[in-house]
Amino acid sequence: MPTWFNARHWRKLVAAAGALMLIAACGNWAERRELQFKMDALRQAAAAHVLGLRGLVEKHDFLPHAAARHPDVRDLLRAPMDAALKARVDGYFADLQATTGAAVLYLVDRSGLTLAASNWNLPSSFVGQSYRRRPYVEDALQGRRGYFYGLGLTTGQSGLFIAEPVRADGAVLGVVVVKISLEPLQAAWMRGGDPVVLRDSRGIVFLSAVPAWLFHGIRPLAANDARWIADHGQYGSRARFDVLPWRTEAHGRPGMDLPGFVLHTDVHGRRMDLLALDTPLPELGWTLTVTTDMKEVVQARRAALALTALAVALLLLGVLYWRLRDKRFAEQRAARLELERRVEERTSDLQEAHAFRKAMEDSLLVGMRARDPEGKIIYVNPALCAMVGYSAEELLGRSPPYPYWHPDDLEKQARESDEALQGRAAPHGFESRVRHKDGHDVITMVYAAPLVDAQGVHRGWMSSVVDITAQKQAETRQREQELRLQRSARLASVGEMASTLAHELNQPLMALSNFAVAARALAGTAAGGSADTTAGTMLAGALDDIVGQSRRASEIVKRVRAFINPQRAHYERLGMDSVVAHAATLLKPELQRHGVTLRLLMEDGGAPVRGDRVLLEQVLANLVHNALQAMQPTQDQPHPPPTQRSIELACQRAEQGLRITVADRGPGIPPEQLEQVFAPFFTTKADGLGLGLNICRTIIEAHGGFMTVENRAGGGAAFSFTLPTVP
């Protein structure tokens with residue numbers, strides 16, 4: 001009796017110990033699994049943040065390199081007192097800053113004095129400030145590229161400074177510096193759920209999702225480091241850098257060979273345990289720390305312990321119940337088991353085959369359809385039913401045309417179905433568009449193969465249907481995105497080319513005007529001493545026209561530069577009747593050469609508007625010139641009769657202001673192209689660039705107006721723009 005009692009007691013103790021060990025093992029497993037997930041998420045977050053930081057730096061990394069090689073920048077370092085040269089460099093830096101989104105660009109000479117800056121016209125201008133104490137200036141003056149993060153000496157705003165030496169004939173003349181603001185990145189971190197920290201090589205936090213951690217160190221700051229920071233003004237006048245309120249520890253559980261560490265700290269007044277991961281950025285000397293809350297790890301462990309304990313308890317209850325049941329129904333169980341054994345022997349093969357096939361069919365993401373030799377559907381799987389929206393009951397027994405065939409492709413799908421039933425389907429499959437029951441289209445790829453049973457008898461045809469709608473939509477979006485990127489790149493290149501041409505053409509135009517003025521003076525002197533005063537008068541008149549046209553060309557060049565830089569635009573109060581009259585005078589020779597009449601319908605042309613006269617004249621000239629070209633004879637369009645060879649230019653009051661319309665009697669614009677005429681680089685001319693109408697609309701929108709186009713009922717096209725009137 002004592003021996004039996006001791007053995008039973010020992011078995012109970014072993015079972016209890018095993019249950020406790022199982023519960024503890026499940027808790028540890030759940031904790032390790034959750035930690036692994038958290039660490040994988042931290043790696044991905046760190047990679048994303050590092051990619052964003054490097055992308056931000058690389059986006060602006062070329063700016064100082066490019067600016068340092070601009071000839072005006074080098075010339076200004078050689079002649080720092082040249083005001084005109086300084087103004088050009090200021091404008092060039094301002095244009096680069098506005099285009100790239102950098103905080104500021106500025107030029108420093110060898111003494112550290114700022115000669116030019118993109119913020120030259122602001123109260124916080126860097127011009128005249130000395131930055132000789134900055135380490136990036138020292139690095140650049142020694143011929144190296146300088147990187148430095150700190151607070152601005154002038155503005156007090158933080159940023160990353162990238163410096164590039166300006167060289168000429170092997171010598172360093174000065175330094176070009178670009179400042180990049182990281183405050184938007186910090187604001188994005190603050191909106192996130194988990195703290196993110198960026199610290200410098202001395203362990204000082206300069207960017208953080210938790211404001212209370214800013215300008216704290218992970219360890220006490222050494223005296224020489226504190227002196228270096230103060231001497232270079234890295235963090236302004238701040239002289240104290242407290243240690244972060246962090247308590248760190250490594251992963252303490254055995255078997256958890258994971259990077260990172262556990263961080264105990266307060267976040268916004270709340271005690272938190274964080275899983276943290278450090279990622280160094282050696283090229284910048286920084287270290288990025290990303291964190292995530294450990295609460296889910298603790299909860300996972302607790303949940304695993306609770307669930308395992310519950311499972312063990314249920315298992316023990318089941319074992320007890322089974323033992324009681326076994327004692328009470330031993331004979332009944334033996335008979336039932338015998339009966340089940342016999343049934344299983346007869347049906348096990350069929351059940352296993354059917355269950356396995358059904359499991360495979362239900363788990364497939366590819367639609368499956370079987371048809372008999374006449375095309376009647378004899379089988380569909382759930383994936384196909386979900387793809388077309390019809391249940392199996394609605395599809396089984398149906399013959400072509402099937403309910404999911406697209407109504408616009410009935411003939412094509414009937415032909416493809418016949419080819420598949422005759423064994424001529426393409427081995428690589430064919431694309432087919434079907435109509436879902438709820439009305440939306442689904443693009444599919446269909447592969448057909450013979451359906452042969454176990455005896456080798458051909459029973460019909462089996463088709464696998466793959467939904468490629470998302471793939472097609474992704475390809476379409478990618479093509480559209482590539483087209484937009486190509487257009488943006490070409491527009492940027494055209495803008496840069498226009499700016500360069502405007503700058504380069506201004507000087508020869510002014511020289512041409514000066515030569516014409518000088519020639520006019522000589523012509524007047526010669527005419528005074530000559531008998532042929534009529535020829536002298538005609539020559540003087542022709543030279544006056546040359547002077548006027550050259551000055552007008554110079555004004556157009558200035559307006560092009562103003563169009564590129566809106567701060568240079570010249571807006572004034574004017575009447576459209578004078579603008580229209582001057583444009584008509586300029587176009588008169590070309591209109592006469594083509595035998596076309598310009599009809600002016602000026603109902604309210606004297607209404608005052610505010611705008612740039614030359615730019616508005618160019619818009620009118622462009623629209624009239626396009627109308628003139630639209631009326632030129634082609635193979636498909638004969639020359640219109642003289643009574644219809646006219647262009648109407650109308651000016652009348654509109655609800656929003658003053659409406660000006662240029663209408664021709666040409667063939668009009670195809671309806672499918674009406675939405676594209678204002679798109680950049682869209683043209684129907686063999687030698688056209690496709691920017692004229694886009695530039696016209698941009699000019700009108702810069703004046704606060706809008707431009708439209710429509711086809712006239714009697715033939716031809718009408719381009720209209722509306723400008724707001726002023727009191």
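**One helix and one hairpin**

Okay, let's start with helix H3: the residues buried there are Leu-85, Val-89, Asp-90, Phe-93, Leu-96 and Thr-100. Those residues sit on the same side of H3, because they cover an arc of only 140° around the axis. Keep in mind that we're looking at a predicted model.

Why do residues three or four places apart end up pointing the same way? An α-helix has 3.6 residues a turn, so that spacing brings you back around.

What about the other face of H3? Turned away from the buried side, you'll find the exposed residues Ala-83, Ala-98 and Thr-99. H3 runs from residue 83 to 100, and its 18 residues reach 26 Å from first C-alpha to last, close to the 26 Å expected. Now check the two ends. At the start, a side-chain oxygen of Asp-82 comes within 3.2 Å of the backbone nitrogen of Ala-84. Just after the helix, Gly-101 has a positive phi of about 85°.

Next up, a pair of strands. S3 covers residues 146–151, and 5 of its 6 residues are buried. S3 pairs with S4, residues 158–168, in the antiparallel sense, over 6 bridges. Which residue in S4 is the bridge partner of Leu-151? That's Ser-158. Between the two strands of this hairpin there are 6 residues, and Gly-156 takes a positive phi near 75°.

Last, let's zoom out. The protein chain has 727 residues, and 38% of them are buried. Its secondary structure comes to 16 helices and 23 strands. As for the accessible surface, that's about 40,900 Å², with 57% belonging to carbon and sulfur atoms.

Conventions
Residues numbered from 1 in each chain as written. Predicted model: local features only at pLDDT ≥ 70, side-chain atom pairs only at ≥ 80, totals over all residues. Heavy atoms only, no water. Buried < 20%, exposed > 50% of the residue type's maximum accessible area, 1.4 Å probe, protein only. Helix = DSSP H or I, 4+ residues; strand = E, 2+ residues; numbered from the N terminus. Pairing = 2+ DSSP bridges. Areas by Shrake-Rupley, 256 points an atom, 1.4 Å probe, with all protein chains shown as cover. Expected span 1.5 Å × (residues − 1). Arc of directions from axis to C-beta. Polar contact = N/O pair within 3.5 Å; in protein donor to acceptor, adjacent residues only side chain to side chain.
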